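Take a look at the protein chain shown here. This report walks through its helices, its core and two of its loops.

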Amino acid sequence: MEIKSYQNQAELLVKEYLLADSVIPYTSVICGICACKMVYDLTQLFSNVYFKSYPGLSKLQRTEWSNRSISTFHAIFITIMSLYFVFWSNLYSDHEYAGPITFRSSALSTFTLGVLHHLLSVAGIANPMLTGEGQVYTFMVLISESTTPGINLRWYLDTAGMKRSRAYLINGVVMFVAWLVARILLFMYLFYHIYLHYDQVKQVNSLGQLLISIVPLVLSVMNLMWFGKIIKGLMKTLAKRH
């Protein structure tokens, strides 16, 4: 009976406080920080055991190694959740619910946005997370994080002295395809989606409208610039193979 009582109290604490609508953003940030710390520590532990080149790295390189594992973990998590919300969930469907999709959010979508990644995330995610407005476009942009694991793997292979390996070449090709889909074609779809729902976008708060207009545009320019560099790098690598 005592165990059951403690269980009920714990469930009440989680439901009424940690997952209350007004507290979810802060709960998710705390969970994100704890998850990052856990991944950082586990990376150091496993790398010492399973990667022979890890002990020979400098302190700065080992720090970068662990930080990139956090980046990879975040990218995988946010990509899966963003794909779910944008393409598989009914939350942002034009046919399932009434009312503008720009004002739709859920406890899970708000919680997901709390797992911040870098300063740009703080600027672009804080507003939709705290207001619940424009989350659909935030998740569309976050799908581009699917390219991050490939970028980090490229650094790992380079640091491990495997720049001339087949794995490095395959990763380069995968990066090219992923970048084309997630950072070029997807952003074209995003702008088309904004155009179709512009009457709803105009109902979002002023900061939200600014973010929806500016952030994807700036990222698109950066994506195109980096895509050009990826193409040049891939062609250079392929040329060395012949």
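## Record and model

UniProt annotations may be inferred rather than shown by experiment. Keep that in mind for the "transmembrane region" entries. The unreviewed UniProt entry lists residues 69–87, 108–130, 169–195 and 207–227 under that name.

The model shown is predicted. In it, residues 69–87 are 100% helix and 0% strand. The C-alpha atoms at the two ends of that span lie 27 Å apart. Residues 169–195 are also 100% helix and 0% strand. Here the end C-alpha atoms are 38 Å apart.

## The overall build

The protein chain has ten helices and zero strands. Read from the N terminus, its elements run α-α-α-α-α-α-α-α-α-α.

The protein chain has 242 residues, and 40% of them count as buried. Now take contacts between residues at least 6 apart in sequence. Of these, 72% join residues at least 24 apart.

## The nonpolar core

Which residues have the most contacts inside the largest nonpolar core? They are Tyr137 and Phe139, in a core of 26 residues. Five elements give two or more residues each to this core: α3 (59–88), α5 (119–131), α6 (135–142), α8 (166–196) and α10 (206–240). The largest share comes from α6, with six residues.

Tyr137 deserves a second look. Leave aside its neighbours within four places in sequence. Tyr137 is then in contact with Thr102, Leu190, His193, Ile194, His197, Val201 and Ile212.

## How the helices pack

Start with α6 and α8. Their axes are 10 Å apart, and the two helices pack at an angle of about 165°. Angles over 145 degrees count as roughly antiparallel, so α6 is roughly antiparallel to α8. The crossing of α6 past α8 is left-handed. On the α6 side, the contact is made by Tyr137, Met140 and Val141. On the α8 side, it is made by Leu186, Phe187, Tyr189, Leu190, His193 and Ile194.

Next come α8 and α10. Their axes come within 10 Å and cross at roughly 155°. The same cut-off of 145 degrees applies, so α8 is roughly antiparallel to α10. Here too, α8 passes α10 in a left-handed crossing.

## Two loop residues

Is Thr147 buried or exposed? Its relative accessible area is 4%. Buried means under 20%, so Thr147 is buried. Thr147 lies in the loop between α6 and α7 (148–159). Not counting residues up to four places away in sequence, Thr147 touches Ala178, Trp179, Ala182 and Arg183.

Ser106 lies in the loop between α3 and α4 (107–113). Its relative accessibility is 25%. Partly exposed covers the range between under 20% and over 50%, so Ser106 counts as partly exposed. Ser106 touches Phe85 and Leu91, again leaving out residues up to four places away in sequence. Ser106 and Leu91 are 15 residues apart in sequence. In space, C-alpha to C-alpha, Ser106 and Leu91 are 8.0 Å apart.

Notes:
Residues are numbered from 1 along each chain as its sequence is written. This is a predicted model: local features need pLDDT of at least 70, side-chain atom pairs count only at pLDDT 80 or more; totals for chains, interfaces and linings use all residues. Side-chain values use heavy atoms; hydrogens and water are left out. A nonpolar core is a set of buried Ala, Val, Leu, Ile, Met, Phe, Trp, Tyr and Cys residues joined through side-chain atoms within 4.5 Å. Buried means under 20% relative accessible area, exposed over 50%, partly exposed in between (1.4 Å probe, protein chains only). Helices (H or I, at least four residues) and strands (E, at least two) are DSSP runs, numbered from the N terminus. Contact means heavy atoms within 4.5 Å. Axes are lines fitted to C-alpha atoms, for helices over the stretch in contact, and angles run from 0 to 180 degrees between N-to-C directions. Angles under 35 degrees count as roughly parallel, over 145 as roughly antiparallel, 65 to 115 as roughly perpendicular and the rest as oblique. A crossing is left-handed if the near helix is turned anticlockwise from the far one by less than a right angle, and right-handed if clockwise.
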